[in-house]
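Dear colleague,

Please find below the structure that I agreed to pass on to you. I should be grateful if you would look through it alongside the notes that come after it.

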Amino acid sequence: MAEGEKRKVKRVFIDAETGKQISEQTVVTDAKDVATEVKIKNVEATGEVGNKRIVAIVLWVVAIIFEALAFMNVMQSSPIYGKLPGFDPLVWMIIFLALDLICVIIAGQLWKKANHIDPPSEKNAFEFFVKTQLGAILSIIAFVPFIILTLLDENADKRTKTIAVAVAAVMMLVGGGTSADFNPVSSEDLQAMQQNAIELGDGTVYWTEHGKVYHLNPNCRTLLNSATIYSGDAAAAYEHGLSRPCKFCAAESGNDTLKKMSEAGTVTEAPTTETTEAEAPEAEVEAEAEVDEAA
């Protein structure tokens, strides 16, 4: 191989929905047909989103019930204190708090997935915050009342209070941390992404396993060194936590909205130690390109 000549990477495209290998995507020129297909998918996703949210709400209610049962095993005057078989009340308390945490975590993940498929509008900032962070908020509700009531219980001994409060506090942090959405998306961003993906191609976007951005062009220069490329619609990209377009794809599109989105929260990624030369992710190329631009 001549000096300076780069080895061509054999790229594999994976359908994000099925996980199966597909051929490289081709551009569909009839945007109306693609737009109709996207609308149909959005309608079909509505039922799935509704089911996820219903299950999440039910699990949060169950979590509150477990919280109450846990407190009853701390409060000596409760009707079940010391009456459950097998373990002493303190152990039962920890068991109920653990069940509380499991419900909170599962509910939080379902709520986040539903929001990534059908995100709320950001026109009302407070409403947007509540809807996107509801999992973290209810994680607090699932433990804080228990902590407060335990501290106020005059019958519980100091050792029981210390253990109960410490366990509940740790579980609250775990539940809140896993349920919080650190990459919330809005319906406006999703619609803009879908519309631009339709106008510029076939409604499909692309990303890599360790990438932080999505691409509109499968042959974007930042994807040329990536051996495995995932493809899907806008909702699939959002579900994988990708809410920012590649700045090169945005620049090529000439769309001002995409350009602003690509400039928000710019990050520089580094390839993992397991990455080979042929599998260097798009981030490495992005970083090099940013340095070239700066120079």
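The notes below concern the aromatic rings, the charges over rings, a surface patch and the sheet.

Please bear in mind that this is a predicted model.

Aromatic pairs

A pair of aromatic rings is described by the distance of the centres and the angle of the planes. The count of aromatic pairs in this model comes to 6. One of them is formed by F13 and Y206, whose ring centres lie 6.2 Å apart with 85 degrees between the planes, an edge-to-face arrangement. This pair links distant parts of the chain, since F13 belongs to strand β1 (residues 12-15) and Y206 to strand β3 (residues 205-207), 193 residues apart. Both residues, F13 and Y206, are buried.

A pair is also formed by W60 and W111: the ring centres are 5.5 Å apart and the planes stand at 55 degrees, so the pair is classed as tilted. Here too distant parts of the chain are linked, with W60 in helix α1 (residues 31-72) and W111 in helix α2 (residues 89-117), 51 residues apart. W60 and W111 are both buried.

In addition, ring pairs join F66, F87, W92 and F96 into a cluster.

Charges over rings

W111 has a further contact to note: the charged end of R53 sits over its ring, 5.4 Å from the centre. A corresponding arrangement involves R221, whose charged end sits over the ring of F248 at 4.0 Å from the centre.

Surface patch

On the surface, I57, V61 and I65 make up a nonpolar patch, and together they have about 260 Å² of accessible area. I57 is located in helix α1. Why is I57 counted as partly exposed? Its relative accessibility is 45%, and the partly exposed class lies between the limits of 20% and 50%.

The sheet

Strands of a sheet pair through backbone hydrogen bonds, either parallel or antiparallel. In this model, 4 strands form an open sheet in the order β2-β1-β4-β3, and the pairing is mixed. The edges are occupied by β2 (21-22) and β3, each of which has a single partner strand, so one side of each has no neighbour in the sheet. Strands β1 and β2 run antiparallel and are joined by 2 bridges. Within this pairing, I14 has Q21 in β2 as its bridge partner.

With kind regards

Technical notes: Residues numbered from 1 in each chain as written. Predicted model: local features only at pLDDT ≥ 70, side-chain atom pairs only at ≥ 80, totals over all residues. Heavy atoms only, no water. Phe/Tyr/Trp six-rings, centres within 6.5 Å; stacked < 30°, edge-to-face > 60°. Buried < 20%, exposed > 50% of the residue type's maximum accessible area, 1.4 Å probe, protein only. Lys NZ or Arg CZ within 6 Å of the ring centre and 35° of its normal. Patch = residues over 30% accessible without salt bridge, like charges linked within 9 Å, V, L, I, M, F, W, Y side chains within 5 Å. Areas by Shrake-Rupley, 256 points an atom, 1.4 Å probe, with all protein chains shown as cover. Salt bridge = Lys/Arg side-chain N within 4 Å of Asp/Glu carboxyl O. Pairing = 2+ DSSP bridges.
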